[in-house]
Protein chains: 2
Amino acid sequence: MRVRWALEEVGQPYEVRLVSFAEMKESAHIALHPFGQIPTYEEGDLVLFESAAIVFHIAENHPGLLPEDPNARARAITWMFAAQNTVEPPILERETALLLEHDKSWTEHRLPMLEGRIRKRLTELSDRLGGADWLDEAFSVGDLVMIGVLRRLGSSGFLNDYPNLSAYVARGEARPAFKRAFADQLAVFTASQQA
Amino acid sequence: MRVRWALEEVGQPYEVRLVSFAEMKESAHIALHPFGQIPTYEEGDLVLFESAAIVFHIAENHPGLLPEDPNARARAITWMFAAQNTVEPPILERETALLLEHDKSWTEHRLPMLEGRIRKRLTELSDRLGGADWLDEAFSVGDLVMIGVLRRLGSSGFLNDYPNLSAYVARGEARPAFKRAFADQLAVFTASQQA
């Protein structure tokens, strides 16, 4: 979704190639992605992996996602890293606990701790965002990645306690580029369910 | 250490300002770093946080850490993200378990799982590195961040099972810029212990 959204923001056409779970572990895919994950990205001879790296590559090569002012550009990049490295890890830790350790006796005792770590980051982010529309003046790749991270919280209810963060996510989802990316992603999912 | 190392690689002078644990939670520091962590970076009017964002800013603005060829540059950036977002998270999860959950009954049962997740990533990384010196031809910011991540494993012994990764880390540590950064970091630590 983050890669689709970035491509829609800068108005670049793209083709999607779906990869099954079995194919992700095959050598042809490992040649593209050493850690056997998705997404990968191909553009001529160039092969990239890691969604943030792909999103950043798109942002660097097409206008629309990075400010021209060098300092504003560096701050937008900082928010992209902060989203990935500081806000996302506790969210992923909770997902891992629910997915890989749901049958363990300790998970119900660990979950309140994990939720506390998520709330700490959301509180800090909410305090910084305040009443602003975006993290640093104009919408940038930093917002795209941060909103992508916050959307992982889905229907968990965490964002209900942070009205400015809920509004921030809604503001991202209201962008025409996000809507196009979401509709296309949904269409692929629907088609795969019918296949 | 990663920021010091990057500054030494590109030959830029810098001044260090130490921040105490108490100061990290004060509003003056939160103004620089919304998540109350270190490091932060100041350059004229520009304030950045997140070590990877700072390292990347240094790499973008001085020759030595990013290839000139656009595709090689994009791949170097991809490795930087892969180090932070794919290799580091399981290492951090183990650190968190040892630091914040060491007194919990479940930690001894969880540790083998966490160690398995680390070994999975190390195996994949080792397979991709093979007999090469660096991840993508010349040393880049991707190697600097990846070696910084692998060094977190410290004396845990994980790398003993991966001779090519051990040699890769040693190759990074043998660089004159790394040695200067390490000596300076150690001097600050020694001085703070004596204070």
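A:Trp106 is the residue of chain A that comes closest to the rotation axis, with its C-alpha at 3.0 Å. Keep in mind that this is a predicted model, where local features need pLDDT of at least 70, side-chain atom pairs count only at pLDDT 80 or more, and totals for chains, interfaces and linings use all residues. Residues are numbered from 1 along each chain as its sequence is written, and chains are lettered from A in the order in which they are written.

**Symmetry**
- A turn of 180° and a shift of 0.0 Å along the axis lay chain A on chain B with an RMSD of 0.0 Å (least squares on C-alpha atoms of residues with pLDDT of at least 70 in both).
- That's the relation of a two-fold axis.
- Both copies use the same surface, as 97% of the contact residues of chain A recur in chain B.

**Chain A against chain B**
- Each side puts in its share: 30 residues from chain A and 30 residues from chain B (contact means C-beta atoms, placed from the backbone, within 7 Å).
- Strand S2 (46-49), H4, helix H5 (70-100) and helix H6 (107-129) of chain A each supply at least two residues to that side (DSSP runs numbered from the N terminus: helices H or I, at least four residues; strands E, at least two).
- H5(A) gives the most, with 13 residues.

**Domains of chain A**
- Chain A splits into domain 1 (2-64) and domain 2 (70-176), with bounds from an automatic or database domain assignment.
- Their C-alpha centres lie 22 Å apart.
- The contact between them takes 8 residues from domain 1 and 6 residues from domain 2.
- On the domain 1 side, helix H1 (2-10) and helix H4 (51-61) give two or more residues.

Methods. Two residues are in contact if their C-beta atoms, placed from the backbone, lie within 7 Å.
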